[in-house]
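Let's take a look at where the ligand sits and what empty space there is around it. Have the sequence and the 3D view open as you read.

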Amino acid sequence: MSGPMPGQKISLPGVKHVIAVASGKGGVGKSTVAANLSLALRAAGQRVGLMDADIYGPSVPLMFGLGLVDQTKVPFPIEKYGINLMSMGFLVDPAQAIIWRGPKVAQAVGTFLVQVPWGDLDFLIIDLPPGTGDAQLTLSQQAPLTGAIVVTQPAEVSLIDARKGVSMFQEVRVPILGIIENMSYLETPSGRVSPFGSGGGRKLAGEIGVPLLGEIPIEPLVSTCGDSGEPIVRKHPDHPVSMAYAKLAQTVIDETAKQPDSGGLPTVQL
Ligand code: ADP
């Protein structure tokens, strides 16, 4: 497989907007946000692709109930719930990928991005590997990103990592569309409680002058739906969490409309 040369910007001609969903560390809900945002954009009438670039812990196969995928179908995207899906998990055994270093990860994902016939899409959402190492930096540089969304949890300790994510995009001059605070609070019969602290996402958004795009509560259904292959936005479209995603999708549509189309960007050497 031949991929992009180091430093070369990837061109995805049929794709209007490419959006990276990133987090400073694993476990904050990045993949869950990427999947549900993709479904909410689809529900809003957009043509959507979702690229699971998280080679160490690919989540798309589980969250979309795909199980084992026939390798001969790769690199063609697999359509489920109206979304064109690709996952590094279709290609690479995560147990083997764990020994890969950043440059190899970036090269594999870059090659994958170029070779998959995405077709005409309004949005390609890229679920980046967690963290801010070489692989993430190279990908952020090479992919024709319209913008990035940084997912964080509300605690101060999570913000330290989220700030690293923000700096990474600033370094490669990718606009940050906003911050999503996940696991913000828990609705209980006696009111809201915030086991992971509160206000972190708002604070970070304020610090860097970008919108807080959403505060998603801790909701056990989010987890059970994801684990059973049908994310909450698809399974329970009227649930308050799904409504929050619908609002988020609309904000993403509005914010990206202000940016130039990715497909229209010239191929440039960095
Ligand atoms: P990451 O991609 O950041 O590693 P995941 O999206 O895999 O994180 O989420 C980690 C775990 O947390 C998963 O089991 C997921 O179902 C769960 N989860 C994510 N968001 C929520 C939420 N808002 N409420 C409850 N569980 C959640």
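Helix α1 gives the most to the shell around the ligand, with three residues. This is a predicted model, by the way. Both α1 (30-43) and α8 (220-227) supply at least two residues each to that shell. There are 15 residues around the ligand, and Gly27, Lys30, Ser31, Thr32 and Pro217 come nearest. Sort the shell by class and you get six nonpolar, seven polar and two charged residues.

Now for the polar contacts. Three of them are set out here, each with the ligand atom involved.

| Residue | Part of the residue | Ligand atom | Distance |
|---|---|---|---|
| Lys30 | polar backbone atom | oxygen | 2.8 Å |
| Thr32 | N or O atom in the side chain | oxygen | 2.5 Å |
| Asn182 | polar side-chain atom | nitrogen | 3.0 Å |

So how much of the ligand does the protein bury? On its own, the ligand exposes 570 Å², and the protein buries 78% of that.

Where does the ligand sit? You'll find it in the largest pocket, which holds about 430 Å³ of space. Several elements, namely α1, α2 (60-63) and α8, give two or more residues each to the lining of this pocket. Here the largest share comes from α8, with four residues. The lining runs to 24 residues, and Gly29, Thr32, Asn182, Met183 and Val222 lie nearest the pocket's centre. Two of those names should ring a bell: Thr32 has a side-chain N or O atom 2.5 Å from a ligand oxygen, and Asn182 has a polar side-chain atom 3.0 Å from a ligand nitrogen. By class, the pocket lining has ten nonpolar, ten polar and four charged residues.

What about space that is closed off? Rolling a probe the size of a water molecule over the atoms shows where empty space is left. The count here comes to two cavities of 30 Å³ or more. The second largest cavity holds about 30 Å³ of space. Its lining is made up of Ser23, Gly24, Lys25, Val28, Val151, Thr152, Ser158, Asp161 and Ala162. Two elements, β6 (147-152) and α6 (156-171), give two or more residues each to that lining. The largest share, three residues, comes from α6. By class, the lining of this second largest cavity has three nonpolar, four polar and two charged residues.

Terms used
Residues are numbered from 1 along each chain as its sequence is written. This is a predicted model: local features need pLDDT of at least 70, side-chain atom pairs count only at pLDDT 80 or more; totals for chains, interfaces and linings use all residues. Side-chain values use heavy atoms; hydrogens and water are left out. A residue is near a molecule or strand if one of its heavy atoms lies within 4 Å of it. A polar contact is a pair of N or O atoms within 3.5 Å; within protein, one must be able to donate a hydrogen and the other to accept it, and residues adjacent in sequence count only if both atoms are side-chain atoms. Accessible areas come from the Shrake-Rupley method with a 1.4 Å probe; for residues, only the protein chains shown count as cover. On a 1 Å grid over the protein atoms alone, a cavity is a set of points where a 1.4 Å probe fits but cannot get out, and a pocket is an open set with protein on both sides within 12 Å along at least five of seven lines; lining residues have an atom within 4 Å of a point. A molecule sits in a cavity or pocket if more than half of its atoms lie within 2 Å of its grid points. Ala, Val, Leu, Ile, Met, Phe, Trp, Tyr, Cys and Pro count as nonpolar, Asp, Glu, Lys and Arg as charged, and the others, Gly among them, as polar. Grid points are joined across faces, edges and corners, and a volume is the space filled by probe spheres set on the points.
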